[in-house]
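Subject: Structure for you to look at

Hello,

Here is the structure I promised, with the sequence alongside. Please open it first, then read my notes below.

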Amino acid sequence: GAAYVVSKEFTDLARLRTGLDDPTFRDMQDPFWCDGASAVGKDQICPRDGKLGCAMVDVLPAVYRQKATHFLSWCWGYSLHQVQSGITNWVKTHDVQLEQVFF
């Protein structure tokens, strides 16, 4: 959900895996999903198809994953800061709780 994407936990993980202070989501592609041994979710069973390998959302604690409440579309070229600040500003503008926004 939105709370995870803007969290220090995700920021630290993105920086650690990419070695960049403000990586784009394209920069995160290989370190998160394509680098074999360290790919997120590679050792877990997918709850949708029952096969080995699942999406990042499936490995998050339940507090960060719920039924979608909103649709979020962004470009893989956006930086982490751009996405985080966009979500933060949208939440403030629409007077909703960050912890209640899931996509």
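A disulfide here is a pair of cysteine sulfur atoms within 2.5 Å. By that test, a search of the whole structure turns up zero disulfides. Please keep in mind that this is a predicted model.

**Cysteines**

Why is Cys46 not bonded to Cys54? The sulfur of Cys46 has its closest cysteine sulfur in Cys54, and that is 6.4 Å away, so the pair is too far apart for a bond. Seen from the other side, Cys54 is in no disulfide either, and its nearest cysteine sulfur is that of Cys46. Cys46 is buried, at 8% relative accessibility. Cys54 is buried too, at 11%.

**Aromatic rings**

The structure holds six aromatic pairs. Take Tyr4 and Phe10 as one of them. Their ring centres are 5.2 Å apart and the planes meet at 50 degrees, so this pair is tilted. Tyr4 is buried, with a relative accessible area of 6%. Phe10 is buried as well, at 5% relative accessibility.

Which residues make up the aromatic cluster? Tyr4, Phe10, Phe25, Phe32, Trp33, Tyr64 and Trp76 form one cluster. Phe32 also has a charge over its ring. The charged end of Arg17 sits there, 5.3 Å from the ring centre.

**The nonpolar core**

The largest nonpolar core has 19 residues. Which of them touch the most other members? Those are Phe10, Met28, Phe32 and Ile87. Several helices feed this core: H1 (2-5), H2, H3 (25-34) and H5 (80-93) each supply at least two residues.

Phe32 is worth a click. Setting aside neighbours within four places in sequence, Phe32 is in contact with Phe10, Leu13, Ala14, Arg17, Ser38, Ala39, Val40 and Met56. So Phe32 appears in the aromatic cluster, under the charged end of Arg17 and among the core residues that touch the most other members.

**Two residues in helix H2**

Ala14 is in helix H2, which spans residues 8-18. Is Ala14 buried or exposed? Ala14 is buried, at 0% relative accessibility. Beyond its neighbours within four places in sequence, Ala14 is in contact with Gly19, Pro23, Met28, Phe32 and Leu80. Phe102 is another matter: Ala14 and Phe102 are 88 residues apart in sequence and 20 Å apart in space, C-alpha to C-alpha.

Thr11 is in H2 as well. Thr11 is buried, with a relative accessible area of 11%. What does the side chain of Thr11 make a polar contact with? The partner is the side chain of Gln84, at 2.7 Å. Leaving out neighbours within four places in sequence, Thr11 is in contact with Leu80 and Gln84. Leu80 is thus on the contact list of Ala14 and on that of Thr11.

**After H5**

Last, look at Asp95. Asp95 lies in the segment after H5. Asp95 has a positive phi of about 50 degrees, although it is not a glycine. Asp95 is exposed, at 69% relative accessibility.

Best wishes

Methods:
Residues numbered from 1 in each chain as written. Predicted model: local features only at pLDDT ≥ 70, side-chain atom pairs only at ≥ 80, totals over all residues. Heavy atoms only, no water. Buried < 20%, exposed > 50% of the residue type's maximum accessible area, 1.4 Å probe, protein only. Phe/Tyr/Trp six-rings, centres within 6.5 Å; stacked < 30°, edge-to-face > 60°. Lys NZ or Arg CZ within 6 Å of the ring centre and 35° of its normal. Helix = DSSP H or I, 4+ residues; strand = E, 2+ residues; numbered from the N terminus. Contact = heavy atoms within 4.5 Å. Core = buried A, V, L, I, M, F, W, Y, C linked by side-chain atoms within 4.5 Å. Polar contact = N/O pair within 3.5 Å; in protein donor to acceptor, adjacent residues only side chain to side chain.
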